[in-house]
Amino acid sequence: IEQTLHYARAKDVPAIESRHDHVKDMMSFLMDQTCLTPDVFSTYGNCLAHLVELHSQLQDAEPKLERQRLALEAKVVASRKRLQDELGAMADALEGFKKKKNAKTARDYVEQLMELQKKLSDLESRCSTQNEEELGLGRQSTAFEEIGPCRSLLELFLLFWRSVIQIQRSLAMWTKSAIQTLVRPQQG
């Protein structure tokens, strides 16, 4: 230890003092030659202190931001799963219309399909919002491929059951008008 201290006193301390004197000379030169006042250097020193403080705050904030990002990503993943489940339920509900065949309840079927249409429009809007959130997080947007087939099937069933209602109306008018023409009294 004594040798290390002797070496430091002999070599390191003079080198540090030399550097200190050199920096002091440079500062004096700058103040003399550039008309900079000690206040300017003081302000510069304060700015450096603030930069160091900001750097420290940023380093402290990074883990918190990372936790918030992970929470947002988890929320987006859960939301995507819910939307996919709802689209699956929508597809199942529409598949159920393949088994419906009672023409007497066609109006009820059309009302049910209109409700499904509203729900599908809401789902499409929510899927669009989901895609925006995913892109905002730098993730690839989800395709939600079930929407197109659901929309097509829904429109097909609506067309079919509305046609059934229209045929029922037309049939009723045809049968009434045909009976009326057969029963019309003869003019004398």
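This section describes the helices, the nonpolar core, the aromatic cluster and several buried residues of a predicted model.

The chain contains four helices and zero strands, and its elements, read from the N terminus, follow the order α-α-α-α. Among these elements are helix H2, which spans residues 38-96, and helix H3, which spans residues 106-136, as well as helix H4, which covers residues 147-183. Of the 188 residues in the chain, 17% count as buried, and the accessible surface amounts to about 14900 Å², of which carbon and sulfur atoms supply 58%. When the contacts with a sequence separation of 6 or more are considered, 74% of them join residues that are 24 or more positions apart.

In soluble globular proteins, nonpolar side chains tend to be buried together. In the present model, the largest nonpolar core comprises 23 residues, and Leu 94, Leu 113 and Trp 161 are the residues with the most contacts inside it. Helices H2, H3 and H4 each supply at least two residues of this core, with the largest share, nine residues, coming from H4. The surroundings of Leu 94 can be listed in some detail: apart from its neighbours within four places in sequence, Leu 94 is in contact with Leu 113, Leu 116, Cys 150, Leu 153, Leu 154 and Phe 157. Trp 161, for its part, has a relative accessible area of 2% and is therefore classed as buried.

The aromatic residues were considered next. A search of the whole structure returns four aromatic pairs. In one of them, Phe 97 and Tyr 109 are arranged edge-to-face, with a centre-to-centre distance of 6.2 Å and an angle of 80° between the planes. Because Phe 97 lies in the loop between helix H2 and helix H3 whereas Tyr 109 lies in helix H3, this pair ties together parts that are twelve residues apart in sequence. Both partners are buried, Phe 97 at a relative accessibility of 4% and Tyr 109 at 9%. The pair formed by Phe 160 and Trp 161 is likewise edge-to-face, since the ring centres are 4.9 Å apart and the planes stand at 80°. Here the two partners fall into separate accessibility classes, with Phe 160 partly exposed at a relative accessible area of 45% and Trp 161 buried at 2%. Phe 97, Tyr 109, Phe 157, Phe 160 and Trp 161 together form one aromatic cluster. Phe 157 and Trp 161 also appear in the description of the core given above, Phe 157 as a contact of Leu 94 and Trp 161 as one of the residues with the most contacts inside the core. In addition, Lys 100 is placed over the face of Phe 97, at 5.1 Å from the ring centre.

Val 110 is located in helix H3 and is buried, with a relative accessibility of 12%. Residues up to four places away in sequence being left out, Val 110 touches Leu 158, Trp 161, Arg 162 and Ile 165. The C-alpha atoms of Val 110 and Phe 160 are separated by 9.3 Å, although the two residues are 50 residues apart along the chain.

Polar side chains are also found at buried positions. Glu 134, which is part of helix H3, has a relative accessibility of 0% and so counts as buried. Beyond its neighbours within four places in sequence, Glu 134 is in contact with Val 76, Arg 80, Arg 139, Gln 140, Ser 141 and Thr 142. Ser 79 belongs to helix H2 and has a relative accessible area of 16%, which places this residue in the buried class. The side chain of Ser 79 makes a polar contact, at 2.8 Å, with the side chain of Gln 130.

A backbone feature occurs in the loop between H3 and H4, where Phe 144 is located. Most residues other than glycine have a negative phi. Phe 144, by contrast, shows a positive phi of about 50° although it is not a glycine, and this residue is buried, with a relative accessible area of 5%.

Definitions and conventions. Residues numbered from 1 in each chain as written. Predicted model: local features only at pLDDT ≥ 70, side-chain atom pairs only at ≥ 80, totals over all residues. Heavy atoms only, no water. Phe/Tyr/Trp six-rings, centres within 6.5 Å; stacked < 30°, edge-to-face > 60°. Buried < 20%, exposed > 50% of the residue type's maximum accessible area, 1.4 Å probe, protein only. Lys NZ or Arg CZ within 6 Å of the ring centre and 35° of its normal. Contact = heavy atoms within 4.5 Å. Areas by Shrake-Rupley, 256 points an atom, 1.4 Å probe, with all protein chains shown as cover. Polar contact = N/O pair within 3.5 Å; in protein donor to acceptor, adjacent residues only side chain to side chain. Core = buried A, V, L, I, M, F, W, Y, C linked by side-chain atoms within 4.5 Å.
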